[in-house]
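The following exercises ask you to work from a sequence and its three-dimensional model towards a description of packing. Each task is followed by a solution that goes step by step.

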Amino acid sequence: MERETAMIRLFDGHHAQLVRLAVLLGAEQDAEDVVAEAYCVLHSRWYRLRAPDAAPAYLRSVVCNLVRMRIRRLQVSRRHANVELSPIDSAESTVMLHEDQRQVVDALKNLPTRQREALVLRYWIDLKEREIADAMGISAGAVKSHISRGMHALSHAMETHR
């Protein structure tokens, strides 16, 4: 019963933020499904957590990994299909973004995956470097490097976009 209560609290407190994270990382119309799968993974592995307060960080890490896997799967299937599909924005991505953020998000989509993940986790989800490193499965130094390079590329993209 304790696990179920904790899962409900986690869902109520973190679901919207995790969907936003998935959308910004590139899950687009699959964002809700990615987050639902992350909650299923957490539920099945609940008793392996070192502490219940580690659950939000674990969920973020699972969402990052699931989005990466989704993007890889899409790249492989598109490569083999030889069909160019135009991206369609999902309802979640449209609702979650204000007009002034659209240019930034469009520029974010063109960044390498790791840079995009680091920037989203830092500036949209407001995580600290150590938390980002845990979510991405890399060192804190690599996080700093990805953020620095990502900010440089994003600044350059925004300047040329004006």
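**Exercise 1. The nonpolar core**

Task: find which residues have the most contacts inside the largest nonpolar core, and which elements give two or more residues to this core.

Solution: The largest nonpolar core has 47 residues, and Val 63 and Leu 121 are those with the most contacts inside it; such a core is a set of buried Ala, Val, Leu, Ile, Met, Phe, Trp, Tyr and Cys residues joined through side-chain atoms within 4.5 Å. Two or more residues are given to this core by each of α1, α2 (31–44), α3, α5 (99–109), α6, α7 (129–136) and α8 (140–161). The largest share, 11 residues, comes from α1. For Leu 121, the contacts (heavy atoms within 4.5 Å) beyond four places in sequence are with Leu 21, Cys 64, Asp 126, Leu 127, Ile 132, Ala 135 and Met 136.

Before going on, note the basis of these values: this is a predicted model, in which local features need pLDDT of at least 70 and side-chain atom pairs count only at pLDDT 80 or more, while totals for chains, interfaces and linings use all residues. Residues are numbered from 1 along each chain as its sequence is written, and side-chain values use heavy atoms, with hydrogens and water left out.

**Exercise 2. The chain as a whole**

Task: state how many helices and strands the protein chain has, and what percentage of its residues count as buried.

Solution: The protein chain has 8 helices and 0 strands, where helices (H or I, at least four residues) and strands (E, at least two) are DSSP runs numbered from the N terminus. Of its 162 residues, 40% count as buried; buried means under 20% relative accessible area, exposed over 50%, and partly exposed in between, with a 1.4 Å probe and protein chains only. Among the contacts with a separation of 6 or more, 66% are accounted for by residues 24 or more positions apart.

**Exercise 3. Two partners of α1**

Task: classify how α1 is oriented to α6 and how α1 is oriented to α2.

Solution: Begin with helix α1 (residues 2–27) and helix α6 (residues 113–124), whose axes come within 10 Å and cross at roughly 150°; axes are lines fitted to C-alpha atoms, for helices over the stretch in contact, and angles run from 0 to 180 degrees between N-to-C directions. These two helices are therefore roughly antiparallel, since angles under 35 degrees count as roughly parallel, over 145 as roughly antiparallel, 65 to 115 as roughly perpendicular and the rest as oblique. Leu 21, Leu 24 and Leu 25 of α1 make the contact with Arg 116, Glu 117, Val 120, Leu 121 and Trp 124 of α6. By class, this contact of α1 with α6 has 6 nonpolar, no polar and 2 charged residues, where Ala, Val, Leu, Ile, Met, Phe, Trp, Tyr, Cys and Pro count as nonpolar, Asp, Glu, Lys and Arg as charged, and the others, Gly among them, as polar.

Turn next to α1 and α2, whose axes come within 8 Å and cross at roughly 140°. That angle makes α1 oblique to α2. The residues of α1 that meet α2 include Met 7, Leu 10, Phe 11 and Leu 18, and those on the α2 side include Val 34, Val 35 and Tyr 39. By class, the contact of α1 with α2 has 13 nonpolar, 3 polar and 3 charged residues.

**Exercise 4. Single residues at these contacts**

Task: decide whether Val 120 and Ala 31 are buried or exposed, and list what each touches.

Solution: Val 120, found in helix α6, counts as buried because its relative accessibility is 0%. Leaving aside neighbours within four places in sequence, Val 120 is in contact with Leu 21, Leu 24, Leu 25, Leu 108 and Ile 125. Val 120 and Leu 25 are 95 residues apart in sequence and 7.2 Å apart in space, C-alpha to C-alpha. Ala 31 lies in helix α2 and is buried, with a relative accessible area of 0%; not counting residues up to four places away in sequence, Ala 31 touches Val 19, Ala 22 and Val 23.

**Exercise 5. Positive phi in the loops**

Task: say where Glu 28 and Asp 126 lie, and whether each is buried or exposed.

Solution: Most residues other than glycine have a negative phi. Glu 28, in the loop between α1 and α2, has a positive phi of about 45° and counts as buried at 19% relative accessibility. Asp 126 lies in the loop between α6 and α7, its phi is near 65°, and Asp 126 is exposed, with a relative accessible area of 56%.
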